[in-house]
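Thanks for coming, everyone. Please bring the structure up on your screens, and we'll walk through a few parts of it together.

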Amino acid sequence: MSLGALVLSLADNKQLLGLRYAEWATRAPSLEADIAAAAMGLDDLGHSRVLYGCLEPLGDDPREPERESNAARYLNLAYFDESFASWGHFVAANAVLDTAFSVMLQAMVEGSTEVLKTRLRKMLMEERYHFLHGRSWLRAGIDQAPLTAAWQEALEWFGPPDGEVAQLHSSGALALGPGELRARLEERLDSAAPELQLDWTAWDPGRRRSRPGQIDDRTFGMLRGLEENRYAAARV
Amino acid sequence: MQFKRVHDDVRAYEVFARKLRQEPLRQIGSVVAPDDDLAAAYARATYDEERWIELAVVPREAINTLWAPGEEASA
């Protein structure tokens, strides 16, 4: 995997996370949590735009035309294939996956690639509030199933100990390798990852996930609408 | 459907902000949250539309009111 492919994976996942957050903007347990869901959704959609914009200056844009018609070409984690089924799923994504993405952002900002060092720093400031939100709700308690699923997918997304993320760390492009990323995530959440079976033989290194599947049709249709800029004519 | 908060034990926080260094902080609103972390996250999400140079939350119970409308100021 190239650095561009990792940036694209982060961008796709932040885009989907932003959309899934936004779906809870009228369903969260309190008015304040509604507003926070909307705000965090906007943040992550904005972050995805910045990350997509880094691909050209990186000189490494792995996006293929097939993304327009095949949802399975998106690099999102399985956790985002469907809408969050419960508030517990929201909180697990907010606490574990969003923080996992922030830890990777930190590794990019502290790495050797100039465009990432300069463009991604502001995201970390905004992500601080996502972290506070997720950690506080996590402490209030949620079901174990979504929490375990989120940890599983976060660790799979970091990749195997000897995979491409480890190579990017060795080259200096990332300040942290898979083991350090996991340790940083555990440290930030003040809890060890649950006992998990990570089966790297079933892992797709392109999409950085083991579970097959793809974004639901409705969401993919919405994404295609965004990409085709179908409302552009109205602005003429 | 009856509105129900997940957190039973919440408290009110007043939100203060200013746009310029030479301005004093002023109260711009309030949030309800179970702890300081969520209060900060909620205040930022709710009141971040403007370009504040400072934004702060204070538990309402930490404010010692000397007098209030309808009350006489003590000498």
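Start with helix α5 of chain A. It has 20 residues, and at 1.5 Å a residue it should span 28 Å. The C-alpha atoms at its ends are 30 Å apart, which agrees. One caution: this is a predicted model.

Now look along α5(A). You'll find a kink of about 30 degrees, centred on Glu127(A). Glu127(A) is also one of the buried residues of this helix. Others among them are Met123(A), Tyr129(A), His130(A), Trp137(A) and Leu138(A).

What do the buried residues of α5(A) pack against? Within chain A, they pack against α2 (31–58), α3 and α8. They also pack against α1 of chain B. Keep that last one in mind.

Is Met125(A) buried or exposed? Met125(A) sits in α5 as well. It has 8 C-beta neighbours inside 10 Å, so it counts as exposed. The cut-off for exposed is 12 or fewer. For scale, take Met125(A) and Ser83(A), which are 42 residues apart along the chain. Their C-alpha atoms are separated by 27 Å.

What follows the helix? Gly141(A) does, with a positive phi near 105 degrees.

Next, α6 of chain A. Its 15 residues should span 21 Å at 1.5 Å a residue. The end C-alpha atoms are 21 Å apart, which agrees.

How many residues of α6(A) are buried? The count is 11 of its 15, so the helix is mostly covered. Among the buried ones are Pro146(A), Trp151(A), Trp157(A) and Phe158(A). Gln152(A), Glu153(A) and Glu156(A) are buried too. The cover includes α3, α7 and α8 of chain A. After the helix comes Gly159(A), with a positive phi near 95 degrees.

Stay with one residue of α6(A) for a moment: Ala150(A), which is buried. Set aside its neighbours within four places in sequence. Ala150(A) then contacts Tyr79(A), Ala92(A), Ala93(A), Val96(A) and Leu97(A).

That brings us to the core. In soluble globular proteins, nonpolar side chains tend to be buried together. Here, the largest nonpolar core has 74 residues. Which residues have the most contacts inside it? They are Val96(A) and Ala150(A). The largest share of this core comes from α3(A), with 14 residues.

On to α8 of chain A, residues 178–189. The 12 residues should span 16 Å at 1.5 Å each. The end C-alpha atoms are 17 Å apart, which agrees.

Five names to find on screen: Pro178(A), Leu181(A), Arg182(A), Leu185(A) and Leu189(A) are the buried residues of α8(A). Seen down the helix axis, they fall within an arc of 100 degrees, so they line one face. Why would that spacing give a face? An α-helix has 3.6 residues a turn, so residues three or four places apart point the same way.

Where does that face go? The buried residues of α8(A) pack against α3 (87–109), α5 (121–140), α6 (144–158) and α7 (164–171) of chain A. Just after the helix, Asp190(A) takes a positive phi of about 55 degrees.

One stop at the other end of chain A. Ser9(A) lies in helix α1, residues 3–22. Is Ser9(A) buried or exposed? With 24 C-beta neighbours inside 10 Å, it counts as buried. The cut-off for buried is 20 or more. Leaving aside neighbours within four places in sequence, Ser9(A) contacts Leu75(A) and Arg208(A). Leu155(A) is 146 residues away along the chain, and the C-alpha atoms of Ser9(A) and Leu155(A) are separated by 14 Å.

Last, chain B. It has one helix and three strands. From the N terminus on, they run β-β-α-β. The chain has 75 residues, and 19% of them are buried. Take the contacts in chain B with a separation of 6 or more: 47% join residues 24 or more positions apart.

How do the chains meet? 16 residues of chain B are in contact with 12 residues of chain A. On the chain B side, β2 (26–33) and α1 (36–47) each give two or more residues. The largest share, eight residues, comes from α1(B). By class, that side has nine nonpolar, two polar and five charged residues. And α1 of chain B is what we met at the start, packed against by buried residues of α5(A).

That's the tour. Questions, please.

Definitions and conventions
Residues are numbered from 1 along each chain as its sequence is written. Chains are lettered from A and ligands numbered from 1 in the order in which they are written. This is a predicted model: local features need pLDDT of at least 70, side-chain atom pairs count only at pLDDT 80 or more; totals for chains, interfaces and linings use all residues. Helices (H or I, at least four residues) and strands (E, at least two) are DSSP runs, numbered from the N terminus. Two residues are in contact if their C-beta atoms, placed from the backbone, lie within 7 Å. The expected span of a helix is 1.5 Å times one less than its number of residues. The arc is that of the directions from the helix axis to the C-beta atoms. Ala, Val, Leu, Ile, Met, Phe, Trp, Tyr, Cys and Pro count as nonpolar, Asp, Glu, Lys and Arg as charged, and the others, Gly among them, as polar. A nonpolar core is a set of buried Ala, Val, Leu, Ile, Met, Phe, Trp, Tyr and Cys residues joined through C-beta atoms within 7 Å. The bend at a residue is the angle between axes fitted to the seven residues ending there and the seven starting there.
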